[in-house]
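Have your viewer ready, with the selection tool at hand. We will go from stop to stop, selecting a residue or an element each time and looking at what is there.

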Amino acid sequence: VPSLPPTPRRTCIGVFDSGVGGLTVLKALLEVIPQADYVYFGDTARLPYGSRSVETVSKYAIEASRYLEQHGAQILVIACNTATALALDLITKAVGVPVIGVVEPGAEQAAAQTRNRKAVVIGTQATVSSHAYLKALDSRGVQTREKACPLFVPLVEEGWIDHPVTEQVARLYLAEAFADGFQSADVLLLGCTHYPLLKPVLTRVVAEHVSIVDSAESTAQAVAKLLRRIPLVDPTQPERRHLPRLRFFATDSVEKFRCLGARFLGHSIDDVQHVDLKE
Ligand code: DGL
């Protein structure tokens, strides 16, 4: 029997989100770390997380994170801003692999970019109520205004990305956010998985001096930095560069995940498996 050639072990990155929104983070990861494999979990049956309590979000996020660990993830990226803001510490304790959330990398990038130390952060109601971004920015000497924009998630999921209704909603939200001493804020931090899709609209709506920071991109950079520090692949194995293997798990309809997900990821999604997490 001829012996099989050694299979090179490639880093497998687990990405967790409440639904399809985290595919914006996966997209950023694929640009920065194309040589890894990915397992993605979208808890579509239980979304939205953005209006839920700390207890519920923690329980859901831990179940999904363990699932990804059991399915090969050697490092976990919590792409969901709400889950990161409410449950990052509990998730980190519940799994045996390194965990990276989106809040710290986003705050780090915003702090590096602001010149007048004033920023506005937008996210779900739960993210804003947790003040996770406010604390992260405050510790970096940045004065922060947080603003919940609950209508953005359904508008993006409806596909109303570059739509007059969405632009009007954005104008109302951002006028409130950039008021009362925050007119001069020069950074808008996108603290929700869905908001990168709204960048064209948001760029039109904010004042010219405002730069938009996307926590998806900052997180991908943070993961790349971590991987340089702790390489997870066996360096004695030959590295064969080929396309990353992407596997997806969804708790609701596979078909719906495929359709909606393709818009977030920017290309078609093939390997989706339905998962039933027992309560
Ligand atoms: N993924 C969530 C976030 O980034 C948005 C969608 C939801 O509320 O579940 O906060």
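Start by selecting Asp43 and Tyr49, and show their side chains: a polar contact of 2.5 Å joins the two. This is a predicted model, and every distance on the tour is computed from it. Now add Arg46, whose side chain makes a polar contact of 2.8 Å with the side chain of Asp43. In the fold, Asp43 sits in the loop between β2 and α2.

Is Asp43 buried or exposed? Its relative accessible area is 0%, so Asp43 counts as buried. To see what it touches, leave aside the neighbours within four places in sequence and select Phe16, Asp17, Ser18, Gly19, Tyr49, Tyr60 and Thr251, which are in contact with Asp43.

**Next stop: Pro48**

Stay in the loop between β2 and α2, where Pro48 also lies. Look along the backbone from Leu47 to Pro48: the peptide bond there is cis, with omega near 5°. Most peptide bonds are trans.

**Next stop: the ligand**

Select the ligand and show its surroundings. Which residues will you find around it? They are Asp17, Ser18, Pro48, Tyr49, Gly50, Cys80, Asn81, Thr82, Thr124, Cys192, Thr193 and His194. Pro48 from the previous stop is in this group, and so is Tyr49, the partner of Asp43. Colour the shell by class and you will get four nonpolar, seven polar and one charged residues.

Three side chains deserve a distance label. A polar side-chain atom of Ser18 lies 2.6 Å from an oxygen atom of the ligand. On the nitrogen side, Asp17 places a polar side-chain atom 2.9 Å from a ligand nitrogen, and Thr193 does so at 3.0 Å. Taken alone, the ligand exposes 300 Å², and the protein buries 99% of that.

**Next stop: helix α2**

Select residues 54-70, which form helix α2. The helix has 17 residues and reaches 24 Å from its first C-alpha to its last, close to the 24 Å expected at 1.5 Å a residue. Which of its residues are buried? Highlight Val57, Ser58, Tyr60, Ala61, Ile62, Ala64, Ser65, Tyr67 and Leu68. Tyr60 has come up before, as a contact of Asp43.

As you look down the helix, keep in mind that an α-helix has 3.6 residues a turn, so residues three or four places apart point the same way. Now bring up what covers the buried residues of α2, which includes the strands β1 (12-17), β2 (37-42), β3 (75-78), β9 (246-250) and β10 (272-274), along with helix α3 (81-94). After α2 comes Gly72, with a positive phi near 105°.

**Next stop: two positive phi values**

Most residues other than glycine have a negative phi. Select Arg117, where phi is positive, near 60°. Arg117 lies in the loop between α4 (103-113) and β5 (118-123), and its relative accessible area of 32% makes it partly exposed.

Then go to Asp180, which is not a glycine either and has a positive phi of about 45°. Asp180 is in the loop between α8 and β7 (187-191). Its relative accessibility is 64%, so Asp180 counts as exposed.

**Next stop: Thr166**

Helix α8 (residues 164-177) holds Thr166. With a relative accessible area of 0%, Thr166 is buried. Follow its side chain to the backbone oxygen of Trp160, which it reaches at 2.7 Å. Outside its neighbours within four places in sequence, Thr166 is in contact with Phe152, Leu155, Trp160, Ile161, Leu198 and Val201.

**Last stop: two loop residues**

Ile33 is placed in the loop between α1 (23-32) and β2. At 5% relative accessibility, Ile33 counts as buried. Its contacts, leaving aside neighbours within four places, are Ile13, Tyr38, Ala220, Val223, Ala224 and Leu227.

Finish at Pro98, in the loop between α3 and β4 (99-101). Pro98 is partly exposed, at 29% relative accessibility. Not counting residues up to four places away in sequence, Pro98 touches Gln74, Ile75, Leu76, Leu226 and Ile230. For a last measurement in the viewer, draw a line between the C-alpha atoms of Pro98 and Ile212: they are 28 Å apart in space and 114 residues apart in sequence.

Key: Residues are numbered from 1 along each chain as its sequence is written. This is a predicted model: local features need pLDDT of at least 70, side-chain atom pairs count only at pLDDT 80 or more; totals for chains, interfaces and linings use all residues. Side-chain values use heavy atoms; hydrogens and water are left out. A residue is near a molecule or strand if one of its heavy atoms lies within 4 Å of it. A polar contact is a pair of N or O atoms within 3.5 Å; within protein, one must be able to donate a hydrogen and the other to accept it, and residues adjacent in sequence count only if both atoms are side-chain atoms. Accessible areas come from the Shrake-Rupley method with a 1.4 Å probe; for residues, only the protein chains shown count as cover. Ala, Val, Leu, Ile, Met, Phe, Trp, Tyr, Cys and Pro count as nonpolar, Asp, Glu, Lys and Arg as charged, and the others, Gly among them, as polar. Helices (H or I, at least four residues) and strands (E, at least two) are DSSP runs, numbered from the N terminus. The expected span of a helix is 1.5 Å times one less than its number of residues. Buried means under 20% relative accessible area, exposed over 50%, partly exposed in between (1.4 Å probe, protein chains only). Contact means heavy atoms within 4.5 Å.
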